[in-house]
Amino acid sequence: MFSDLERLRPMDSIARGPRSLAILNKLADVCGDSILDVTRDGITIRITLKAGCLRKALETIYSEHDLYFRTLTASDERREEGVYKLYYVLGIDSEGTNLVIEVPVPEAVEIYTASDLFRASDWYELEAHDLFGIRFNGRTLRRLVLPEDWPEDLHPLRKDVSVEELRELYQPQMISRVVTELGVEEVVRIPIGPYHPALHEPEYFELYVRGEKVVDARYIGFMVHRGIEKLAESMKYDQVPFLAERICGICGFVHSTSYVQAVEDALNIEVPERAEFIRSIVLEVERLHSHLLWLGVALHLLGYDTGFMHAWRIREKIMVLAELLTGSRKTYGIALVGGVKKDIAQDTVSKVKETLDRLKREYREFVDVATSVPQVRARLTGTGILPRGEARAYSLVGPTVRGSGLARDVRKDYTYAAYHYVSFNVPVYTEGDNLARTLVRVDEVFESISILEQLIDMLPSGPIMVESWETQPMKLGIGSVEAPRGEVIHVVVTGHYSPYRWRVRAPTYQNLQAVPIMLKGVDLADAPLTIASIDPCFSCTDRATIINLRSGSVKTVPIEIISRRGSGRG
Amino acid sequence: MVKFLRMLAISAREGTATRKYPFESSLVTPEFRGRVDIDPAKCVGCGACVRICPPSALTLNYESDEVVLKYFIGRCIFCGMCAYVCPQDAITITKEFELATPELNDLYDEVVHTAVKCNVCGKPFTTVKLVKEVEKRIDGGDMSPLFNTCPECRRKLTARRVGSGVTGVSVE
Ligand code: SF4
Ligand code: SF4
């Protein structure tokens, strides 16, 4: 359809700049007639492509230096359009352009994998297979997010499967084992979502060691798939932010904000300026508490508990500030589609300023001392190295990618809320080791304080919520936020009263896939900190299994114990 | 390099950071969102709070002569949405958070309303107070014949009316 030059001309008007124009032209060259449509809405360019040309298209563009694989959303649109859809959401960082490749997938059509090109694509494909039954060729398909004993042909996010049916059809094998092995006749079933949390932790690493060196690592995760995307399909638009906020106990506001931004993007809702400012203010407060929390935990893992205590002492002031601004220390509960539900009072403004002044002083003093402690520095330097090339190939995000020399930060690249009103630096270190990732966060705390000072000074007056807004079905929206751990991106396809499809991608999903690379060759004692260096949403009771290749022994130990082994060094 | 010893001076200056709660008052700011309180005098049983409550902590229960608005604190996430949407300003967000109790019933709160029964099918479907409130708001608008008919029967009536081409409302 776009094969002849005449038809190609519209690309000029659709592109946002030279980078997107170059990429669009390349796609037009290789896919020609397979391009069904090209449109642009704001910063989002959408190309609809026949499934047959997807592989060729991705092969053509994967090596573009500023292209970033952000998320892949599958959606069951058989009822509306007779097909499944795949939405590849890519980002052209240098231009701040969203590039959405939309691929209609008729039933039984198989898609050729992209996981060898965009390595981040691996989990996304497995997930689309698990949840929708979409098949990918040229790779092994295994279970990712669903449990091993989940029924073979039951794909829970398909529209023809209801939550009630899921509860009926999936009975964890654990239950039948209890029935037969123990001979009990009746088992009381407590349904907790469509998944059972039989395994103790949401994250699990197997470290293969020779002596004290890690030679390989395997990650097993997705043990508490909660089925919230399905759940949201039966909740009203303004109820979902509260569910979204509960995705993470540390940085929940990034999720509620991403969700409302995605809906606003889909429905072209203009959010009042003051609401945009309040969102940015609360997002930065969240980053401050999260980074200080991480810093404390990292120091604890390094055996420097004094530092841990002081990090958390300072953090406490931010928690109080968060409550003052929102009504709650965590799960702030103020994000709604079209604005925020709580205003900042005038006397709160002066309290915010006071807190920031104190924070700046105390934090500078603390961090100066903590990062100079010899054993802290020694154990961070040169460990857990993530080369720049790998960071790029895996489309990593947040302090993890910025510690490996890439300045990716969606606050700057795909700006949102009130970030375009303030000036700030994006700290980047090139060493790619644990120290680099630590220093990125250390510096970011200063940047956040400065951003907050600017926002508070410039806070415009006016309404904090749009007067009204209307839904329109089957609109696509993207919302992304630079969370403390990296980009959170939500994709929404709108429905009448609820999201028709809501796809959440948290930063740890992207970054975890690179942890085995960081772990190769590190001392066992440095493994816990290396894992923690991406700041995954970890629980303090997490366990690691150590398999010793020489003796063949297997033991499961608390993660802290391994880390403490290294405290004598340095 | 004994810079790290400076932390001792900081510790001495800051002293104890933790509060001796519960012997000392806990730190709750004026903005804190705790459990909600429903004023039975103001509530008309419209159900707006029930429809927005994200975890279904609020429910409307239709019993033969009563419509009961139930609040189960055990499910409440203290989001304040109910107070945000209530058209009667009947809900206040309190600062109460010490809600643990060995008595399950302590976690329930109720507002009991007198029900209006449908004059066609006989099922309770709304509250007397809500009907009054609506009457007050539409101020003389001629809606009254349908006030006592539940939405389901109303739909059927309308369909029949349109079907037979009869105008005006007749309710047997
Ligand atoms: S919204 Fe207000 S008036 Fe309506 S039922 Fe709830 S508390 Fe009562
Ligand atoms: S505060 Fe939120 S969760 Fe609690 S009853 Fe009100 S709407 Fe429901």
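## A first look around chains A and B

A:Leu452 touches A:Ile281, A:Glu284, A:Val285, A:Leu288 and A:Leu356, leaving aside residues up to four places away in sequence. Keep in mind that this is a predicted model. A:Leu452 sits in helix α19 of chain A, which covers residues 434-458. One of the residues it touches, A:Leu356, is 96 residues away along the chain, yet the two C-alpha atoms are separated by 8.2 Å.

For another leucine to look at, try A:Leu231, found in helix α9 (residues 228-232) of chain A. Here are the two, one per row.

| Residue | Helix | Relative accessible area | C-alpha separation |
|---|---|---|---|
| A:Leu452 | α19(A), residues 434-458 | 1%, buried | 8.2 Å to A:Leu356 |
| A:Leu231 | α9(A), residues 228-232 | 39%, partly exposed | 40 Å to A:Tyr429 |

Why does A:Leu231 count as partly exposed? Its relative accessibility is 39%, and that label applies between 20% and 50%. A:Leu452, with a relative accessible area of 1%, is buried. As for the partner of A:Leu231 in the table, A:Tyr429 is 198 residues away along the chain.

Now zoom out to chain A as a whole. The chain has 23 helices and 16 strands. Of its 570 residues, 62% are buried. Take the contacts in chain A between residues at least 6 apart in sequence: 68% of them join residues at least 24 apart. The accessible surface of the chain comes to about 21,800 Å², and carbon and sulfur atoms account for 52% of that.

Helix α3 of chain A is a good one to follow along its length. It has 14 residues (residues 18-31), and at 1.5 Å a residue it should span 20 Å; the C-alpha atoms at its ends are 20 Å apart, so the two agree. Which residues of α3(A) are buried? They are A:Ser20, A:Ile23, A:Leu24, A:Leu27, A:Ala28 and A:Cys31. These cover an arc of only 140° around the axis, so they lie on the same side of α3(A). The spacing makes sense, because an α-helix has 3.6 residues a turn and residues three or four places apart point the same way. Turned away from the buried side is a face carrying the exposed residues A:Pro18 and A:Asp29. Just after the helix, A:Gly32 takes a positive phi of about 40°.

Finally, hop over to ligand 2. The residues surrounding it include B:Val36, B:Leu58, B:Tyr71, B:Phe78 and B:Gly80, along with B:Cys53, B:Cys76, B:Cys79 and B:Cys82. This shell divides into 10 nonpolar residues, 1 polar and no charged.

Note on methods: Residues are numbered from 1 along each chain as its sequence is written. Chains are lettered from A and ligands numbered from 1 in the order in which they are written. This is a predicted model: local features need pLDDT of at least 70, side-chain atom pairs count only at pLDDT 80 or more; totals for chains, interfaces and linings use all residues. Side-chain values use heavy atoms; hydrogens and water are left out. Helices (H or I, at least four residues) and strands (E, at least two) are DSSP runs, numbered from the N terminus. Buried means under 20% relative accessible area, exposed over 50%, partly exposed in between (1.4 Å probe, protein chains only). Contact means heavy atoms within 4.5 Å. Accessible areas come from the Shrake-Rupley method with a 1.4 Å probe; for residues, only the protein chains shown count as cover. The expected span of a helix is 1.5 Å times one less than its number of residues. The arc is that of the directions from the helix axis to the C-beta atoms. A residue is near a molecule or strand if one of its heavy atoms lies within 4 Å of it. Ala, Val, Leu, Ile, Met, Phe, Trp, Tyr, Cys and Pro count as nonpolar, Asp, Glu, Lys and Arg as charged, and the others, Gly among them, as polar.
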